[in-house]
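User: I have a structure open and would like to go through it with you. Can we take it one topic at a time?

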Amino acid sequence: MTFSLTLSVSDLLLLLPELFLTAWLCVVLIVDFSFKRIVQEQLAYLSILGLVITLACLAWFDVTGITGTLFGKMFVLDRLAIFFKVMILLATILVILLSIDYVHRFSFFRGEYYFLVVMSALGMMFMTSANDLLSLFVTLEFATFGFYVLVSYLRDDMASNEAGLKFFILGVFAAGLLAYGISLVYGETGRLVFSEMSGAAPTTGLVIGFLLIFAALGFKIGAVPFHSWIPDTYHGAPTPVTAFLSIAPKVAAFAILLRLFMVALSTFKPVWALLIVAASILSMTYGNIVAIAQRNIKRLLAYSGIAQVGNVLIGLAAGTKMGTDSILFYLLTYLFANLGAFAVIMAISNAVGSDEIDDYSGLNRRSPFLAFAMLIFLLSLAGVPPLAGFIGKLYIFVAAIKEGLYILITVGLINIVVSMYYYLIVVKKMYISEPLDSSPIKTTGPLRAVIYVGLAGTLVIGIYPQPFLDWAVAATLMFSNLVGPAASIPPPVTPFGG
Amino acid sequence: MAEYTLLIILFAPFAGALALIFVSNRQVSLVRGIAAGSAFVSLIASVYLFYAYDAVKGGFQFIQRIEWSRQLGISLHLGVDGIGTPLVLASAILLFAGIFVSWHIKDRMKEFYIWILILAAATIGVFMSLDLFFLYFFYEMSVIPMYLLLGMWGSHTKKYLEMTDTEGLRQRDSVGFIFNFGANSKEYAAMKLVLFLSAFAVAALMGILLIYKFSGLNTFDILILREQAHFSGPLATLIWLLIFFGFASIAPIWPLHSWSPVGHAAAPAATSMLHAGVLMKLGHFSIIRVAFEILPETTRELMPIAAVLCVFSIIYGGLVAYYAKDTKYVIGYSSSSHMGYVFLGMAALDYISLSGAVIYMFAHAMATGMLFAMAGWVYDQTHTRDIPSLGGLSNRMPFISAAFVIGCMASIGMPGTVNFIAEVMIIVGSWNKYPFQVVVAVLGIVLTMAYLFKMMRGLFYGSMAEKYSHSHDAVTVIDRLPLLIMITVSISFGIFPGHLYSVVRSGVDPLIARITKVVPVAEHPMMNSPHAASPLVPLPASREAIAKVTPR
């Protein structure tokens, strides 16, 4: 394989969002260092400004249909990548808004916090464009790098340190698995680019290699049996980082999973479908059953997140165009509901200083708005109409039933009922139990903004999903001709300007 | 304007709920005004719907179709036939009455009205959905408001309140959700209701997804599916069982009934009214709409299951109601017993009996609505639902006790109330096919008399405990209005059933003809006569008349 390293201006355009964000990252860092008296809020809004500009740039790409590949197909910018990048940027913006109040708890390095958040976002944006095994490894590690620091940002807090250590050790272990898997796959096929890999004979080495890669990505999305870091890390990490961790890396990892399974491995779908089905059933069942026993809301959402990933994997197990649409759509609904729920958690944690579910008692009397918002977010996660989560779940089930995955759907449906139990336990605390302390809870502006965005997203997508469905469907057009092995190579992407 | 009737009925309560979000809880009269106003709009529109429905033309009318999702083949497809129309009317009446029954709620009134409006709107939505997706959508949407209504404004049982050890209470609160120790807290009732209904709803959803897949039509539209989808063999049986038991749990059919009386008992009055009055009918209605319409052959084969189970429903519910000591348990179990009659009427698959079943749903909504409203009133005044400790309240509450007598009469099925007509039709219509069940049903009526009279005597007659001497009667117009509405509806349709009957028949006839593949031998005289809406047409009570219209 030859790399053509000639970059034209039009090629650079494809990289524009990432290049711009990199530049902006430096600006944030320089501003933080140069102006000693700068208030951290200003840095936060500065970061958000950069992210919004990047978002606008991506929106322009999406509208004008700018797509293409770079660096010998290492980097691909297609509508799928744009969809995922937009989700990551949205999540990052919301997380920065969430962080503004929380950052006061850090006694030092407040400015670098935003730098690290945006840097992770940048890494994840690259991840969504990764189109070969090398860029997969590099971008994945780049994205995780920032998180290692962020998770243990509360330096004097034992739980945060423990979380960071756990995350780091298991993360490095996963990276090792990934590198080994990549080497096996490269050894067997002699290829790195996903699209060129399809059609390879499934030798033992190749299968083991892909299993190892799946294990590493399973670690990222937190699917059972690679979930063990999730509860403690979510619990110990600073809450905005937990919120970030609960959505953005999963979204980015799913972009890679889609490219890997739907493009590189499209020929032996029957083999990996079983693997995904098993991971999905285990994740849903384990996550939901263990979540019942949780007394801490962050841990509850950690386990519910494991279960949600199990739900998303149903769409991957379907392995069709519609399955991928449903994954994209589901992740979008999950983004709003999950970040909204974390915003409520932070508002309460700021007032009460605790994340225990018992402290949510009588929240309806203390702050009807927060209680209502939490109700909506939790019910959306549970999949109750007319909220976004319901449409997402239904879409996934419809995609799966078309492929005849009856057992998987049955397990998924039963799990909806199980999950409803623990979400309703929180609702019971908020609405039915009497408050232990009836002082009203104040919400600050940025948190309120995140909650409003979450509510708007959850309700609008739930009541009128058509534009969002269309967007998801348009983003996965590249998978629409994945019917058989013959048609498994995606159509040649015309480079922009060529 | 007229073609938007369904949208008005459906969205007026939603709009009311939305408007209430922006009103402060302190503006009591504004809150009440918005709630009552939106319910009133819905009521007026549904009365218009009921009388504007063209029974001669039949079929689905007032159809609205709004594209919702191309990829999934979903559209907001609304329309009512002769079966949905009376149920929409019943829901709107009970919602309007329920707003007034809960007029004096002190705690978080605004939120109460929001949830009750959403609950009622969701049930109305089910009754007019012609799309499987939206049927499920509204069905599931009605469950969560129930949780909050029961949990926030409900009441514990006496047994639970009598538990004094705090440690025990705590334990029962936490573990009790799964292992209830015989003392039902309202939280337990609410959780049980939601989990039970959701568990069976997902079974129904599985059935719906199977219909979607194996019809191969890529649509959830009931009208398209019933024309073009054909299911047979084990698959049809599986789908039918999933749909039937999924929806029968809310009906509630024995042995899936246990959530229902517990839920009734815990719920505040207006919620019990809607719950027993219309929510339970979602089950029957959804079975008719989905299983009867899309799987007619399988329905013919498997409906005897309902005929078997309804016997247990009738007898078991009646006996428990007789021995229950709690007013709401009595009415709750009586409701699940009475729902057995509807299943009997449905199981016979006969023109008369299914029409009777649909009219019974309407009639039962009024009768049980009254009883729950009055049980709620008595509870508000005395703070107990324990029948043995009550008594002699007729001195303090002459109006309520008189209305209660009427409610009991309606519930028993006295001639002059619409319940009578419905009961007679069910009994007469299913006699040919299920004589044993009919005997049980008649015995069930005797049982109904027994427990209702027992409760009436226990509440209103005999000697009164001193501590209840300060209880009040319903004197103001606001307090009496809901009862008067329901009594008026029940009696006026009892005396003038003509339009109700012809509307229901227009919905039932094509359905039964499809299922039994037999067109009515002689079209019933009422259907085509110029006096179709004439109130004085006698009921088809004679054997000859039935023999003519009942296909063998």
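Analyst: Below we go through the chains, their contact and the confidence scores.

User: What kind of model is it, and what are its ipTM and pTM?

Analyst: It is a predicted model. The scores are ipTM 0.88 and pTM 0.90.

User: Start with chain A. How many helices and strands are there?

Analyst: Chain A has 20 helices and 2 strands. Its radius of gyration is 22 Å, and the globule rule gives 23 Å for 498 residues, so chain A is as compact as a globular protein of that length.

User: What box do its C-alpha atoms fill?

Analyst: Along the principal axes, the C-alpha atoms of chain A fill a box of roughly 65 × 60 × 40 Å.

User: And how much of chain A is buried?

Analyst: Buried residues account for 61% of the 498 in chain A. As for contacts in chain A between residues at least 6 apart in sequence, 81% of them join residues at least 24 apart.

User: Now the contact between the chains. How many residues does each chain put in?

Analyst: Chain A gives 24 residues and chain B gives 24 residues. On the side of chain A that touches chain B, helix 17 (388–402), helix 18 (406–432) and helix 20 (466–475) each supply at least two residues.

User: Which helix of chain A has the largest share?

Analyst: Helix 18 of chain A, with 11 residues.

User: What is that side made of, nonpolar, polar or charged residues?

Analyst: The side of chain A that touches chain B has 20 nonpolar residues, 2 polar and 2 charged.

User: Switching to chain B. Which way do strand 1 and strand 2 run?

Analyst: Strand 1 (residues 61–69) and strand 2 of chain B run antiparallel, joined by 6 bridges. Within that pairing, E67(B) stands opposite S75(B) of strand 2.

User: What about the turn of that hairpin?

Analyst: There are 4 residues between the two strands, and G73(B) takes a positive phi near 70° in this hairpin.

User: Is strand 2 of chain B mostly covered or mostly open?

Analyst: Mostly covered: strand 2 of chain B spans residues 74–80, and 5 of its 7 residues are buried.

User: How confident is the predictor about chain B?

Analyst: The mean pLDDT of chain B is 84, with 89% of its residues at 70 or more. Residues 522–552 of chain B have a pLDDT below 50, and this stretch has 47 contacts in the model beyond near neighbours in sequence.

User: How should I read low pLDDT?

Analyst: Where pLDDT is low, the predicted coordinates should not be read in detail.

Conventions:
Residues are numbered from 1 along each chain as its sequence is written. Chains are lettered from A and ligands numbered from 1 in the order in which they are written. This is a predicted model: local features need pLDDT of at least 70, side-chain atom pairs count only at pLDDT 80 or more; totals for chains, interfaces and linings use all residues. The radius of gyration is taken over C-alpha atoms; the globule rule is 2.2 Å times the number of residues to the power 0.38. A residue is buried if 20 or more other C-beta atoms lie within 10 Å of its own, exposed if 12 or fewer, and partly exposed in between; C-beta atoms are placed from the backbone. Two residues are in contact if their C-beta atoms, placed from the backbone, lie within 7 Å. Two strands pair if DSSP finds at least two bridges between them. Ala, Val, Leu, Ile, Met, Phe, Trp, Tyr, Cys and Pro count as nonpolar, Asp, Glu, Lys and Arg as charged, and the others, Gly among them, as polar. pLDDT is the predictor's confidence in each residue, from 0 to 100.
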